Amino acid sequence: MKFNDLIQLLEQDESIFQPRKVEDRQNRYEQQIYRKIQDYIKNGSEGDLNLSRIPIQTLPDGLKVGGHLNLMGTQIKTLPAGLEVGGGLNLMGTQIKTLPAGLEVGGSLDLSHTPIKSLPDGLKVGGNLYLSHTPIAKQYNYQQLKQMYPGVKGDIYV
């Protein structure tokens with residue numbers, strides 16, 4: 001395309017200079033995120049699902065993650081019912097306040113730097129439980145937490 005052709009094209013369609021709306025970009029980005037999750041589910045939920053630092057607020061009910069689920073630094077506040085995580089669950093730096101009853105994590109569970117105040121009865125964690133910089137860590141010591149949550153197979157870090 002020649003320079004003059006480009007000039008004519010620009011003169012014909014002035015909308016090319018109009019900035020896109022921020023809301024449109026945000027909506028498209030959120031759609032891409034949810035498509036990524038749906039593709040992960042469609043492909044058998046195998047391997048890790050890394051959503052770290054993505055502005056996601058919810059996850060689909062019944063989500064099953066074969067590997068690690070990384071939600072570090074997201075805007076998530078609650079986890080869906082029926083969530084299953086075969087590997088580690090990283091919630092570090094989120095605003096998570098509660099965990100669903102019956103949650104089972106095959107690997108470690110990282111709740112560091114969250115406002116979580118209690119853990120559900122029957123919590124099962126195959127690896128370590130990280131609670132540093134949480135209200136729970138300020139309220140209970142290691143021994144108390146080990147007695148309260150026998151379903152944690154690894155160590156508890158407060």
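A residue counts as buried under 20% relative accessible area, as exposed over 50%, and as partly exposed in between. Since this is a predicted model, what follows describes computed geometry. Glu84 comes out at 43% relative accessibility, so it lands in the partly exposed group. Lys64 joins Glu84 in that group because its relative accessible area is 42%.

These two residues also meet each other. The side chains of Glu84 and Lys64 form a salt bridge, with 3.8 Å from N to O, and the structure holds just one such bridge. Glu84 sits in strand β4, while Lys64 belongs to strand β2 (residues 64–65), so the bridge ties together parts that are 20 residues apart in sequence.

Aromatic rings tell a similar sort of story. The count comes to one aromatic pair, made up of Tyr130 and Tyr157. Their rings are stacked, at 5.1 Å centre to centre and with 10° between the planes. Tyr130 lies in strand β9 (residues 129–130) and Tyr157 in strand β10 (residues 156–157), and this pair links distant parts of the chain, 27 residues apart. Both tyrosines are partly exposed: Tyr130 has a relative accessible area of 28%, and Tyr157 has one of 38%.

Thr74 gives a contrasting picture. This residue lies in the loop between β3 (69–70) and β4 (84–85), and it is buried because its relative accessible area is 5%, under the 20% cut-off. Its side chain reaches the backbone oxygen of Leu71 at 2.8 Å. Setting aside neighbours within four places in sequence, Thr74 is in contact with several residues, including Leu51, Ser52, Arg53 and Ile54, as well as Gly93 and Thr94.

How values were computed
Residues numbered from 1 in each chain as written. Predicted model: local features only at pLDDT ≥ 70, side-chain atom pairs only at ≥ 80, totals over all residues. Heavy atoms only, no water. Helix = DSSP H or I, 4+ residues; strand = E, 2+ residues; numbered from the N terminus. Buried < 20%, exposed > 50% of the residue type's maximum accessible area, 1.4 Å probe, protein only. Polar contact = N/O pair within 3.5 Å; in protein donor to acceptor, adjacent residues only side chain to side chain. Contact = heavy atoms within 4.5 Å. Phe/Tyr/Trp six-rings, centres within 6.5 Å; stacked < 30°, edge-to-face > 60°. Salt bridge = Lys/Arg side-chain N within 4 Å of Asp/Glu carboxyl O.
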